[in-house]
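Here are some comments on the model, set out as numbered points for you to check against the coordinates.

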Amino acid sequence: MEHNRHFNGVIGRTVADSSASWTASPTEVARSPNIVMIVLDDVGYSQLGCYGSDIETPALDSLAADGLRYANFHVTPLCSPTRACLLTGRNHHAVGVGRVAEMTNGFPNTRGFVAREAANLAEILRPHGYQTLAAGKWHLAAIDDASPAGPYDHWPLQRGFDRFYGFLSGETNQWNPELVQGNERIDLPPAKDYHLSAGIVDESCKWLRQLASAAPDKPFFLYVAFAAGHSPHHVPRAFADKYRGRFDDGWDAARDRILVRQKASGLLGADQRLAPRNPGVQVWDEMSAEEKLVAARFEEVFAGFLDHADVQIGRLLKQFDDLGKRDDTIVVAISDNGAAPLGGLHGSYDHHRSRSGDQPSVEENMARLADLGGPLSYAIYPAGWAMAGNTPFKRYKSQTYAGGIRAPLLIRWPTGIDAKGETRRQFYHVVDVTPTLLDLVCVGLPGRVNGVEQMPLHGTSMAHTFNDNGADTRKKVQYFETVGQRAIWQEGWKAVTFHTRGTDFDSDVWELYDLDRDLAEIDNLAEEHPEKLKEMIALWWREAARYGVLPLDDLGGRNGVGWWPEPSSRWVLYQDAVLPHHVKTGTGPRLLGTSHRITARIVRALPTEEGVIVADGGRFGGWSLFIQGNRVHYTVNHYGERGRVSSSVALPMGGVTLRVDVAKVADDEGRIGFFLDGQPSGAGSLAPFRAYNFANEPLEVGRDGQTPVDDCYESPFPFAGRIVDVVLEAAGDGGVDQQALLEELMGSQ
């Protein structure tokens, strides 16, 4: 039994004839350096200073100067899969994370969580005496499991981490994040001008100080996953203004500058060429003055965002110094994939809007220029800056060309790495990081972890390259696949194909590159070496079968395959209910753009008891039902364009049943009626009123916790009375009948 384990004393009839044993649980680790993983989000190969960037990142650059910079490191093209590979040392499809956690499709390779047969580094190290800490982005829990109902099986605390502070989904508002501490969703800290990048480092530093005070010799594994530079690009204005004017000459000039630096620093060879311009990216010199002005400001904001994150990393590194932990701490810093092109041609002040296909015009972005980076924007830069951020490579995040899968890797370990400031050129993949760290701490993969038999590691240790610049990679093959985009690397050769969603996979045209001579994938050798290409394609299919890549799915929706099951049409919610965005997007309420009914039973003692009854979303889109000025109000918000209708009569005191009926009467209009205890109490028209995927904020009962749907109140605007329950009914099978609802509305007016 556990309480008898490691006891080596003697038990007699009394304490007098017994000897106690205070032996601590032994560790099998021959050496136990601290381990820190720093993960950046959507940061391209060339967006760090030490990789040639115009952006200032002195803290990260110091890791390169005091340790090693890897020039030939690869990741997957998306965030969840890279994180699964990084933490487990196994390929992402094989553990159930073939793409981002939200994109489940009913097959084993896309469950949205990491199989327990693939224990992560925290689960492996914890039994060896390590304290395990995680801060920032998780994105390794299936959407159906991320609500307060759980199950919590794949949240950080259930997957080997002692502490967690951050968010579970793929992105969040940096100024007003959806925060989880441990297993609990928490409110935004009261600090003025809170920013998530600073918040996760504040929490990490606090944990480290507490650990060093309580157990100064206990090793730790700290996993810090920033949301920078994923959209939204949020940053204190001073950081963005620091770069004012620096990007006025555009992305074409930036690519040229970056390549010069990459060559000068020895990152790339002196004969390295730029890959051709990505399709759809404008020639900077052919753009209008207004287009250039807007585009340059977007990049200033992104640069400030990354600079600000680097400042926080600097604070974290200083904390190691202050605690005397620097020398025996292994710091690994990477990005999860290449820079993202999702801002399109001109960028967007509201990424949610551009995602829905409603791309803001240059004029609309210009009107919001002063807001970029601040709490009133949800910005993402134009694709041209992502192209520059992936210099010298082509294409982007989500694609298996180098622009999507080549990433920075920095490693510092003063005690274990004699070489300082050197560049390593061996091919490695993110799946190789955990095997390397286990090698360094002399821990083999256990046969079972928490009672679960383990699958083998798929990665290869690169520890032998730390002090040997000429060492062979020892890695022979690595496949790539994400949402139908495919590639394979074998001993310097790479075959890759670009897949167009909805087309037959057999029609994909494969290309062939000799990366030892052409790492930017410029010279396609498919026609010159047809047999080699055929061999590489066959190898891709073998690796796909071996690691569970199949069936291929490009999210085209064929054969009934989609992101999630259809939602129900009726929900009963209670006071303090919270449905996170990624949960409600799947099977939760989706009311905008469809006829629906909201029925709330509330109790108030005073006419001044007001607040939000139920709200979904926030400043960048959503809807809210609230009481203010002793009237009921219903607001819809379409990317900041709001429509509000109010009841015509005051609410009675005591218990009351409040009902709101909404009928869709046109493509962008709804008709709303208010009822108090069944009696008509006002009506009006709602516009805009259309279905769309709005802000990454939760549905809440009794408050609007992150940002306000309506600007006539400030979050969280909690309801001061009591909510018995709230029933939401949407049009559709088993839900409210749209025609009957419309007839009732018209008949009551």
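1. A residue is taken as buried when its relative accessible area is under 20%, and the model to which this cut-off is applied is a predicted one. In helix 1, which spans residues 58–66, the residues that count as buried are Ala-59, Leu-60, Leu-63 and Ala-64. Because these residues cover an arc of only 155 degrees around the axis, they lie on the same side of helix 1. The general background is that an α-helix has 3.6 residues a turn, so residues three or four places apart point the same way.

2. As to what this set of residues faces, the buried residues of helix 1 pack against strand 1 (34–40), strand 2 (68–70), helix 7 (289–322), strand 9 (329–335) and strand 10 (409–412).

3. Thr-436 belongs to helix 12, which comprises residues 433–440, and with a relative accessible area of 3% it is buried. When neighbours within four places in sequence are left aside, Thr-436 is in contact with Thr-460, Ser-461, Met-462, Ala-463 and Phe-466.

4. Glu-521 is placed in the loop that runs between strand 18 (510–514) and helix 13 (530–546). Is this loop residue, Glu-521, buried or exposed? Its relative accessibility is 1%, and therefore Glu-521 counts as buried.

5. The surroundings of Glu-521 deserve a separate look. Its side chain makes a polar contact, at 2.7 Å, with the side chain of Lys-494. Not counting residues up to four places away in sequence, Glu-521 touches Lys-394, Tyr-401, Ala-402, Tyr-513 and Leu-515 as well as Lys-494.

Terms used: Residues numbered from 1 in each chain as written. Predicted model: local features only at pLDDT ≥ 70, side-chain atom pairs only at ≥ 80, totals over all residues. Heavy atoms only, no water. Helix = DSSP H or I, 4+ residues; strand = E, 2+ residues; numbered from the N terminus. Buried < 20%, exposed > 50% of the residue type's maximum accessible area, 1.4 Å probe, protein only. Polar contact = N/O pair within 3.5 Å; in protein donor to acceptor, adjacent residues only side chain to side chain. Contact = heavy atoms within 4.5 Å. Arc of directions from axis to C-beta.
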